[in-house]
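The questions below go through one protein chain, from its overall make-up to single residues. Each is followed by a short reasoned answer.

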Amino acid sequence: TCSMSSFASRHKKGGIQWGIDTTDFEYYKLQDLYEKDGADTTYQLLGVFINSNKTEKELKEYGPSVVGILGDKLINLPGHMAEEVREIMNSEEDVEDIKAGNVWFKIRSYESHGKTCYSPDWLEEDEVAAIKDATKKEK
């Protein structure tokens, strides 16, 4: 069954209500988490948003902030992910996957233009299922 979402729902403006109060959350860089937790740590993504609340100069220089919501913190995602995050926010299926707790990632480091960069590496469904199984067994 192919569910076609309406134009309005695909292009709705405004934030998605992720159901998480992020008021007291602190911002972290992927690099901070990578250095603290290591490359094998998995993180559950609970939401994403784009913060364009910057001065015109900042927006020109750095672009909007691309942000991920984790359990108790916000993470700055790479600026090159802005388009991907917009696509995620405009996809009902992606939003439902995130809200259902099915979106997990590890942090990958890579070299680009002589410096080390960090990016989320999305996990496949079977990897997510294994994490969920392991968490059930721990409880």
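**Chain, core, pocket and single residues**

Of the 139 residues of the chain, 31% count as buried (under 20% relative accessible area with a 1.4 Å probe and protein chains only; exposed is over 50%, partly exposed in between). This is a predicted model, in which local features need pLDDT of at least 70 and side-chain atom pairs count only at pLDDT 80 or more, while totals for chains, interfaces and linings use all residues. Residues are numbered from 1 along each chain as its sequence is written, and side-chain values use heavy atoms, with hydrogens and water left out.

Q: Which pattern of helices and strands does the chain follow along the sequence?
A: Helices (H or I, at least four residues) and strands (E, at least two) are DSSP runs, numbered from the N terminus. The secondary structure comes to six helices and seven strands. Read along the sequence, their pattern is α-β-α-β-β-α-β-β-α-α-β-β-α.

Q: What percentage of contacts between residues at least 6 apart in sequence join residues at least 24 apart?
A: Contact here means heavy atoms within 4.5 Å. Among contacts in the chain between residues at least 6 apart in sequence, the share that joins residues at least 24 apart is 60%.

Q: Which element gives the largest share of the largest nonpolar core?
A: A nonpolar core is a set of buried Ala, Val, Leu, Ile, Met, Phe, Trp, Tyr and Cys residues joined through side-chain atoms within 4.5 Å. The largest one has 27 residues, of which Val-48, Leu-77 and Phe-105 touch the most other members. Two or more residues each come from α2 (30–37), β3 (47–51), β4 (65–69), β5 (73–77), α4 (82–89), α5 (92–99) and β6 (104–112). The largest share, four residues, comes from α4.

Q: Why do the buried residues of α4 line one face of the helix?
A: The buried residues of α4 are Ala-82, Val-85, Ile-88 and Met-89. They line one face because, seen down the axis of α4 and taking directions from the axis to the C-beta atoms, they fall within an arc of 120 degrees.

Q: Which element supplies the largest share of the lining of the largest pocket?
A: On a 1 Å grid over the protein atoms alone, a pocket is an open set of points where a 1.4 Å probe fits, with protein on both sides within 12 Å along at least five of seven lines; lining residues have an atom within 4 Å of a point. The largest pocket is lined by 13 residues, and those nearest its centre are Asp-94, Asp-97, Asn-102, Val-103 and Leu-123. Both α5 and α6 supply at least two residues of this lining. The largest share, three residues, comes from α5.

Q: Is Ser-119 buried or exposed?
A: Ser-119 is found in strand β7 (residues 115–122). Beyond four places in sequence, Ser-119 touches Leu-30, Pro-78, His-80, Met-81, Lys-106, Ile-107, Arg-108 and Tyr-110. Its relative accessibility is 5%, so Ser-119 counts as buried.

Q: How far apart are the C-alpha atoms of Ser-52 and Ser-65?
A: Ser-52 lies in the loop between β3 and α3 (56–62). At 42% relative accessibility, Ser-52 counts as partly exposed. Ser-52 and Ser-65 are 13 residues apart along the chain, and their C-alpha atoms are separated by 6.4 Å.
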